[in-house]
Amino acid sequence: MLFRSNSYKYFINYRLVLSLSLLLILSLFLFADTRDLLGDVNNDGSIDVQDIILIVDIILNDEVEYGEYELWASNVNADETTDVVDIIIIVMLILEIDDCPDLYSPCSDNLSICCIDTTSHDYSWVLDTLGTNGSYLRDVAIVDENNILVVGNIVTETGEYNAAKWNGTGWELFGIYSNTLNLYNIQYFSEDDIWVTSGCFPYYWDGNGWTRYHLENMGLDACVGFDIWGTSSSNMYFVGYQGAIVHYDGENFEQMESGTEVDLLDIWGTYNDETDTEIIWTSGHDSYGNTVFLVYNSGMWQPVYDANSYKYVFRPDSLSGTIGGLWSSENALYVYTTWGIYQCPISTVGEGEIIWLGENGDATEKILGTNDNNLFFYRSGSEIRHFNGSTWHLYDEIINPLDVLNSIDVRENLAVTVGYRYYNPIERWAVIMRGVRN
């Protein structure tokens with residue numbers, strides 16, 4: 001709750017409240033620019049001291065019969081009674097005092113509680129293609145709007161490349177380690193601190209050159225190029241073929257026991273600076289209909305969900321179906337499944353619900369956001385959706401059934417997806433979609 005009765009331990013009489021209201025006339029605060037707004041008792045498009053004066057009159061003047069709108073707008077805590085608590089709430093709003101956490105504001109239907117702020121769905125999308133036939137992209141890392149890195153395989157008439165950089169005006173092609181090495185993932189920390197993976201091995205850029213870590217030569221029976229996540233180059237996780245997981249602590253690579261032989265395709269984690277603890281999740285599926293979802297906590301990987309195609313029963317309040325991409329904010333975990341987007345608290349993964357119900361029954365590989373009110377996911381055919389904290393929006397202007405998307409990255413006002421587009425049954429080109437919020 002935003003306001004609590006025990007926060008006020010002394011009696012505020014009506015004359016004191018009215019005096020305070022009159023003093024606020026000198027510093028009116030424009031709270032909103034719309035009419036029919038809770039708290040806007042005189043319905044003039046703003047919440048200010050005039051509304052407080054009206055509420056005082058509603059409370060004290062029994063001779064005036066106020067209408068339905070005035071009675072609704074004055075009862076800002078939705079407790080069916082207009083009283084001094086409603087005045088206190090409005091005074092605090094005008095003074096810009098509230099107890100809402102970051103990303104939250106007083107709810108429009110009850111100003112005494114907090115609701116998540118919504119972000120804009122208004123993105124303009126630009127399509128870029130790279131290379132010629134045979135080109136594709138697998139991953140993207142946004143540094144800023146003038147520095148975007150993509151990796152994969154880019155074939156041109158003059159040679160082959162595996163990476164490209166957006167410099168603000170165009171794409172610069174280049175090679176990482178070897179121009180013909182097909183790359184799967186990229187993790188960017190700084191210009192001198194970058195990780196990429198091929199099908200099985202990690203590669204690291206320290207500002208001077210690329211180092212390949214040949215895990216098999218280190219005695220590790222692990223092919224871990226499918227996805228990477230880490231908090232720094234001293235704490236990196238790599239996942240891949242037949243349940244392989246490898247951790248790098250800045251000096252040594254260690255293979256971790258996953259308890260599964262299902263291919264792991266996605267990994268994400270959350271780190272708490274105050275408690276110095278992290279929770280990590282990984283998920284995947286294979287062509288045989290098996291799917292798995294694991295969590296790493298207290299030093300070991302444990303299954304959260306493990307199923308095969310014969311156990312796919314839709315459950316709106318729990319994980320079900322094939323597990324695809326996953327991402328977490330500080331508050332919640334989001335998992336893309338066969339049936340749609342599953343959301344749950346970080347601490348209780350098994351206690352959640354489906355917040356977006358899918359249609360075609362596929363499990364995408366990536367879902368990503370910056371906060372609970374700025375979240376993107378994609379499906380085949382360039383079907384990209386944005387969650388703004390309240391509603392989902394489909395960008396139907398960029399849908400193309402010939403597109404196959406492989407990854408996405410998101411910053412506050414920028415989203416970039418990569419993959420490839422078929423121009424005929426046998427020819428494909430690398431494709432990049434850059435969405436900028438207007």
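**A walk from sheet to helix to pocket**

Let's begin with a single pair of residues: Ile 194 sits opposite Trp 205, which belongs to strand 10. The model you are looking at is a predicted one. The strands around this pair are strand 9, residues 193–197, and strand 10, residues 202–205, which pair in the antiparallel sense over 4 bridges.

Stepping back, you can place them in an open sheet of 4 strands, ordered 8-9-10-11, with antiparallel pairing. Strand 8 (185–190) and strand 11 (210–212) stand at its edges; each has a single partner strand, so one side of each is left without a neighbour in the sheet. On average, neighbouring strands here are turned by 15 degrees against each other, direction ignored.

Now turn to helix 4, residues 84–94. Here 10 of the 11 residues are buried, so the helix is largely enclosed by the rest of the structure. Among the buried residues are Asp 86, Met 92 and Leu 93. At the N-terminal end, Asp 83 acts as the cap, with a side-chain oxygen 3.1 Å from the backbone nitrogen of Val 85. Just after the helix, Glu 96 adopts a positive phi of about 60 degrees.

Our last stop is the largest pocket, with a volume of about 1,200 Å³. It is lined by 49 residues, and the closest to its centre are Trp 229, Trp 268, Gly 269, Trp 327 and Ser 328. Strand 8 returns here, as one of the strands that each supply at least two lining residues, while strand 16 gives the largest share, 7 residues. Sorted by class, the lining has 22 nonpolar, 15 polar and 12 charged residues.

Technical notes
Residues are numbered from 1 along each chain as its sequence is written. This is a predicted model: local features need pLDDT of at least 70, side-chain atom pairs count only at pLDDT 80 or more; totals for chains, interfaces and linings use all residues. Side-chain values use heavy atoms; hydrogens and water are left out. Two strands pair if DSSP finds at least two bridges between them. Axes are lines fitted to C-alpha atoms, for helices over the stretch in contact, and angles run from 0 to 180 degrees between N-to-C directions. Buried means under 20% relative accessible area, exposed over 50%, partly exposed in between (1.4 Å probe, protein chains only). A polar contact is a pair of N or O atoms within 3.5 Å; within protein, one must be able to donate a hydrogen and the other to accept it, and residues adjacent in sequence count only if both atoms are side-chain atoms. On a 1 Å grid over the protein atoms alone, a cavity is a set of points where a 1.4 Å probe fits but cannot get out, and a pocket is an open set with protein on both sides within 12 Å along at least five of seven lines; lining residues have an atom within 4 Å of a point. Grid points are joined across faces, edges and corners, and a volume is the space filled by probe spheres set on the points. Ala, Val, Leu, Ile, Met, Phe, Trp, Tyr, Cys and Pro count as nonpolar, Asp, Glu, Lys and Arg as charged, and the others, Gly among them, as polar.
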